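Here are a few exercises to work through with the model open beside you. Try each task before reading its solution.

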Amino acid sequence: MKEPEQELEEALQELEGGKSVNEILKAHPEYSEEVRDLLTLSANIREIPHPLPREELLVKTLARIAQKGPRRTFWPALWKPAFAFATFVIVFFGVASISVGSVPGTMLYPIKVATERIRLTLAWTPEQKAEIRLELSDRRLHELLQQAADNKAIDTRLLARTLSEAQHALDAAAQLPESRRDYWMERMDHFANYQKEVFADLTERTPSTDLPKLEQARMMCLRRMEQIRSMGDMRGPRGPGMMQRQMMEKMMKRMMGPDATP
Amino acid sequence: MPDTDKQPDWLDRAKNGDAKSISQMWGEYAPRIYRYVRYRVGTNADAEDLTSEVMLRAIRRLRDVRQSFAPWIFRIARNLLVDFFRKRSHAKEYQAMEYKMESASPVENPEHGTLTRATLERLLPMLSGEQQEVILLRFVEDFSPREIAKQMGKHEDAVRAIQYRGLRRLKELLSEENI
């Protein structure tokens, strides 16, 4: 006599072979009541519509790829397929272009940030990096403007980001050969001036509690402009002195808190 | 039952970092891993986090695939689930509460005598971990007892016994609820 486990397994294999539960039970009247019940139950489990992931799963994974990769001191080969995948998804599904207009707090914003991080990681030359950093600084600035238009308080994180991305862009531009540096210094100077004017404009539209932050940010733009102009005079291979940069970073941290660190 | 021993067409290209092939892998396996994990952990957020981690690990370790792909990726999921339950063992009460809250809103209206997803989600955690795993791998993911045995490091007969006891326990629970 067969063990019930064995009987059930044989019945399951017939089921998987395409027979219906009724056909199997009819063909095997010797099966115990329990085996018959369990076969029916297993067929029911197969027929249930099982849970499906939400769209957020892809967003979460892309955000993880973006968060983990660039923060490493080197880019292990292990991460390359993950980045290739993320880039493909973003480009293929056009999610990146849809998310460009998203603002913090919306569902597409993490995709926007993930796309930016991936672009940064894939940028190899200092000029590519400078270009992307400058664009990111500009994006954060526009997000601040958008929030002000929605009568929201100044987001310190965004303020710190627009300043720090501009500083990173300047650092990348400082590594360029002289033939390209003049062009970049002019762009950086123009952008710093624009940032400063936006901050000045925002002071008229934001609550008084935000004014000190905006004034500090405006002062930092002025200092960066001085830095850019002094770089034009230095013509050294490394651009702005490390000490000056460290001072700027310390100042940013003191003003904005820990969020100021990119 | 699908042939899980057969390697997917995209595997070799995915191993070389081909993004389109990796996306195919995502499309085929992210939903399968998600539902396997979702039944085990009970909440959407945990299931998403774990699935995301499984898929990332799989993408990063694609070159290590020497055996059939499906059992390989499910083994990653299984190992992560073990870590997950180990870490969460101190927070069982919280987990139970969270699970109860998510299960409180049924996805479908159960008819008498019909097994629904909501019922399965509610009753499955009352089985032992091994029983849950065998039932999910066999009846939701279509693995054969031989493949499940390999994944769990057990003999096929042991898997069949676990499968039988698991189904019997589930049947008892359903009877207790008059389903």
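**Exercise 1.** Is B:Glu172 buried, partly exposed or exposed, by its relative accessibility?

*Solution.* Keep in mind that this is a predicted model.
- Step 1: the relative accessibility of B:Glu172 is 38%.
- Step 2: buried means under 20% and exposed over 50%, so B:Glu172 counts as partly exposed.
- Step 3: look at its partner. B:Glu172 forms a salt bridge with B:Arg169, with 3.4 Å between the closest N and O atoms. B:Arg169, at 29% relative accessibility, also counts as partly exposed.
- Step 4: place the pair. B:Arg169 and B:Glu172 are three residues apart in helix H9 (residues 156-176) of chain B, so about one helical turn separates them. An α-helix has 3.6 residues a turn, so residues three or four places apart point the same way.

**Exercise 2.** Find the salt bridge between B:Glu121 and B:Arg38, and work out which parts of chain B the pair ties together.

*Solution.*
- Step 1: the two side chains meet at 3.7 Å, N to O.
- Step 2: B:Glu121 belongs to helix H6 (residues 117-123) and B:Arg38 to helix H2 (residues 19-41), so the bridge ties together parts that are 83 residues apart in sequence.
- Step 3: check the burial. B:Glu121 is buried at 6% relative accessibility, and B:Arg38 is buried at 5%.

**Exercise 3.** Do the same for A:Glu127 and A:Arg180 in chain A.

*Solution.*
- Step 1: the closest N and O atoms of this salt bridge are 2.6 Å apart.
- Step 2: A:Glu127 sits in helix H8 (residues 126-149) and A:Arg180 in helix H10 (residues 178-203) of chain A, so parts 53 residues apart in sequence are tied together.
- Step 3: A:Glu127 is partly exposed, at 22% relative accessible area, and A:Arg180 is partly exposed too, at 32%.

**Exercise 4.** Describe the contact between chain A and chain B, starting from its area.

*Solution.*
- Step 1: the chains bury about 4,000 Å² between them, 67% of it on carbon and sulfur atoms.
- Step 2: chain A gives 39 residues to the contact and chain B gives 44 residues.
- Step 3: count the links. There are five salt bridges between the chains; among them is A:Glu34 with B:Arg168, at 3.8 Å, N to O. Seven residue pairs are in polar contact.
- Step 4: see where the chain A side comes from. Helices H1 (4-16), H3 (33-47), H4 (56-68) and H5 (79-92) of chain A each give two or more residues. The largest share, nine residues, comes from H3(A).
- Step 5: sort that side by class, which gives 23 nonpolar, five polar and 11 charged residues.

Key: Residues numbered from 1 in each chain as written. Chains lettered and ligands numbered in written order. Predicted model: local features only at pLDDT ≥ 70, side-chain atom pairs only at ≥ 80, totals over all residues. Heavy atoms only, no water. Contact = heavy atoms within 4.5 Å. Buried area = accessible area lost by both parts, 1.4 Å probe. Salt bridge = Lys/Arg side-chain N within 4 Å of Asp/Glu carboxyl O. Polar contact = N/O pair within 3.5 Å; in protein donor to acceptor, adjacent residues only side chain to side chain. Helix = DSSP H or I, 4+ residues; strand = E, 2+ residues; numbered from the N terminus. Nonpolar A, V, L, I, M, F, W, Y, C, P; charged D, E, K, R; others polar. Buried < 20%, exposed > 50% of the residue type's maximum accessible area, 1.4 Å probe, protein only.
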